[in-house]
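Colleague: I should like to request a close look at a single part of this model. Please explain it in terms that a first-year student can follow.

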Amino acid sequence: MGGMPWGGSEVLWCRAARLLQMDGHQVTVNFKWWPELVEPLQHLERHGATIFRRDKPVSRRELRAERWKKFFLQHPQPKTWLEQEKPDIVLVTLGYHPDVLTITEECQQRGIPYGINLQCASDSFFIHSNRLNDYRKWYQHASRVFFVSDENQRKLQNNIATILENSEIVANPFNVDFHVSPAWPSTDDGFKLAVVGRIHFQSKGQDLIIDVFKQPKWKSRNVKVRFYGHDQGNLLQLRELIKLYQLENQFSIEGFSQNVEDIWTANHALLLPSRYEGAPLAFVEAMLCNRIAIVTDIGRNRELMDDNQTGFLAAGATVELVDEALERAWVKREQWRSMGEMAGQQIRLRYPADPIREYADKILTIAQ
């Protein structure tokens, strides 16, 4: 990822790396430089991984020193990460589909088999035709291309106008016990919707929730909306919009919660009108906790949920379509508990209990 030191797209590869370490494999990580090394990487390092932190900012003093060495001492060029570590296989994880994959060109030159894991694709950005051949080459020469949903695979293939025969779908890990069953909260003081995800309007669509609930019909209903997650650029706007439309009695900002189960002990349903996603973990976790979800038709949502039976699907991320899905949900609000129990049953049939083990095994197939 480029915009922050850690996020959901990093969890799958990092946990799989630790599992591969436990299986006796050696791990080396090429990660963007940040002032502090995040704890998951420290954990890998403590267990023997080498961590290469790329793109470290260079001060003027350091830059002058490097120039002096280059021109006066004929200092040899440092080895590249691949030259230094000599990996048997390489896995490249991408947070977003426009991310470039020039490292795969060096893998090809050195004969190192590589895989690509794309964690998110959207209709909001299209690759320019002058880079089309590059992207095709990067993906077509991969031993494996892992997507987190069929929908994301379709979006990437449309972007590069190519069918990838080397692709398959993988599942992201969740942060609750597979057999979790939190108690159903009381509805005496109203129905409570949890919006779980980083506060980022462009992807998560929290602004759409404001536009829906500022309508008089929703203001008059006994329903509360709680926002959970880190700020990724739009927390101030969210606070100001709540004040602007006088939604303080219905809306609250809860911040980031370390314990996912606590969220579902306090809330009845997930509301997540995302404009784009890879495969939202909040959605899977809500279903595992026997809660319905009111979500947009992106990622694996349609695949994992049956509309009007185990949740409610908005056909798109617009105020009108989200409002329509919420209306259907509101009509059936007395059935949310039984629908949630059905959702819990279905997700356990459609989603792996151990995504990390499955993924770790798939990484090894890159060498085949």
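Modeller: Two residues are said to be in contact when they have heavy atoms within 4.5 Å, and a residue counts as buried when its relative accessible area is under 20%. The model is predicted, and the part chosen here is helix α7, together with the loop that leads to it.

Helix α7 spans residues 150-160. Eight of its 11 residues are buried, so α7 is largely enclosed by the rest of the structure. The buried residues are E151, N152, Q153, K155, L156, Q157, N159 and I160. What do the buried residues of α7 pack against? Their partners are two strands that come before α7 in the chain, β4 (114-118) and β5 (144-147), as well as helix α6 (132-140) and strand β6 (167-169).

The two ends of the helix may now be considered in turn. In the loop between β5 and α7 lies S149. S149 has a relative accessible area of 0%, and is therefore buried. Leaving aside residues up to four places away in sequence, S149 touches I169, G278, G299 and R300. One of these, I169, belongs to β6 (167-169), a strand against which buried residues of α7 also pack. At the other end, α7 is followed by A161, a residue with a positive phi, near 50°.

To summarise, α7 is largely enclosed, because eight of its 11 residues are buried, and S149, in the loop between β5 and α7, is buried as well.

Note on methods: Residues are numbered from 1 along each chain as its sequence is written. This is a predicted model: local features need pLDDT of at least 70, side-chain atom pairs count only at pLDDT 80 or more; totals for chains, interfaces and linings use all residues. Side-chain values use heavy atoms; hydrogens and water are left out. Buried means under 20% relative accessible area, exposed over 50%, partly exposed in between (1.4 Å probe, protein chains only). Helices (H or I, at least four residues) and strands (E, at least two) are DSSP runs, numbered from the N terminus.
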